[in-house]
Amino acid sequence: MHQQYRQKIESKLEAFTAHGLHDLSRAVLMNRVDTKYLINKETLSSLLDELHSYCSVLEIDGHKISQYENTYYSIPQFLVLDSKIEDF
């Protein structure tokens with residue numbers, strides 16, 4: 001993430017209530033479905049402006065932005081992921 005854009009997002013995240021890892025012990029996480037969205041920077045900026053009243057942000061060691069890695073499984077030709085990227 002470019003530094004200037006990262007600073008803009010960090011600034012917007014300051015409006016969100018933070019929660020820590022210790023708060024997750026109260027959450028039911030063992031049986032869940034994650035939905036991920038691929039959005040452009042402008043859409044993210046607008047969403048953050050709207051969502052701060054309804055959502056909280058995980059904060060770890062004073063940081064509300066962190067690296068995240070995931071493994072996506074698809075058919076061998078990666079058609080599922082490729083089709084979503086083309087729509088973006």
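# A guided tour, starting at serine 45

Select serine 45 to begin; this residue sits in helix α2, which spans residues 41–51. Keep in mind along the way that you are looking at a predicted model. Is serine 45 buried or exposed? Serine 45 is buried, because its relative accessibility is 8% and the cut-off for buried is under 20%. Now show what lies around this side chain. Apart from neighbours within four places in sequence, serine 45 is in contact with Lys8 and Lys12.

**Zoom out to the whole chain**

Switch to a cartoon view and follow the chain from the N terminus: the elements come in the order α-β-α-β-α. That gives 3 helices and 2 strands. The protein chain has 88 residues, and 15% of them are buried. If you turn on the surface, its accessible area is about 7,900 Å², with carbon and sulfur atoms contributing 54%.

How much of the contact pattern links residues 24 or more positions apart? Counting contacts in the protein chain with a separation of 6 or more, such residues account for 91%.

**The nonpolar core**

Next, select Tyr5, Ile9, Leu13, Phe16, Leu48, Val57 and Ile65 together; these 7 residues form the largest nonpolar core. Which element gives the largest share of this core? Helix α1, residues 3–13, does so with 3 residues.

Stay with tyrosine 5 for a moment and add lysine 41 to the selection. Lysine 41 lies over the face of the tyrosine 5 ring, 4.9 Å from its centre. If you go looking for aromatic pairs, the count is 0.

**Two salt bridges**

How many salt bridges does a search of the whole structure find? The search finds 2.

For one of them, select arginine 6 and glutamate 10. Their closest N and O atoms are 3.2 Å apart, and the two residues form a salt bridge. Both belong to helix α1, where they are 4 residues apart, about one turn of the helix. Arginine 6 counts as partly exposed because its relative accessibility is 23%, a value that falls between the cut-offs of 20% for buried and 50% for exposed. Glutamate 10 is partly exposed as well, with a relative accessible area of 31%.

Now select aspartate 49 and lysine 12, whose side chains meet in a salt bridge at 2.7 Å, N to O. Why does this pair tie together parts that are 37 residues apart in sequence? The reason is where the partners sit: aspartate 49 lies in helix α2 and lysine 12 in helix α1, so the pair links those parts. Color the two by accessibility: lysine 12 counts as buried at 18%, whereas aspartate 49 is partly exposed at 39%. You have met lysine 12 before, as one of the contacts of serine 45.

Before leaving helix α1, return to arginine 6 and draw a distance to isoleucine 65. Arginine 6 and isoleucine 65 are 59 residues apart in sequence, but their C-alpha atoms are 8.6 Å apart in space. Isoleucine 65 also belongs to the nonpolar core you selected earlier.

**On to strand β2 and the loops around it**

Move to tyrosine 54, in the loop between α2 and β2 (56–58). Tyrosine 54 counts as exposed because its relative accessibility is 70%, and the cut-off for exposed is over 50%. Draw a distance from here to phenylalanine 16: the C-alpha atoms are 8.7 Å apart, with their positions 38 residues apart in sequence.

Step along to leucine 58, which lies in strand β2 and is partly exposed at 30% relative accessibility. What is leucine 58 in contact with, leaving aside neighbours within four places in sequence? Select His19, Gly20, Leu21, Leu24, His63 and Lys64 to see those partners. With one of them, leucine 21, leucine 58 has a C-alpha to C-alpha distance of 7.3 Å, although the two are 37 residues apart in sequence.

The last stop is aspartate 61, in the loop between β2 and α3 (79–87). What should you look for in its backbone? Phi of aspartate 61 is near 50°, a positive value in a residue other than glycine. Most residues other than glycine have a negative phi. Aspartate 61 is also exposed, with a relative accessible area of 72%.

Note on methods:
Residues are numbered from 1 along each chain as its sequence is written. This is a predicted model: local features need pLDDT of at least 70, side-chain atom pairs count only at pLDDT 80 or more; totals for chains, interfaces and linings use all residues. Side-chain values use heavy atoms; hydrogens and water are left out. Buried means under 20% relative accessible area, exposed over 50%, partly exposed in between (1.4 Å probe, protein chains only). Contact means heavy atoms within 4.5 Å. Accessible areas come from the Shrake-Rupley method with a 1.4 Å probe; for residues, only the protein chains shown count as cover. A nonpolar core is a set of buried Ala, Val, Leu, Ile, Met, Phe, Trp, Tyr and Cys residues joined through side-chain atoms within 4.5 Å. Rings of Phe, Tyr and Trp (its six-membered ring) pair if their centres lie within 6.5 Å; planes under 30 degrees apart count as stacked, over 60 as edge-to-face and the rest as tilted. A charge sits over a ring if NZ of Lys or CZ of Arg is within 6 Å of the ring centre and within 35 degrees of the ring normal. A salt bridge is a side-chain nitrogen of Lys or Arg within 4 Å of a carboxyl oxygen of Asp or Glu.
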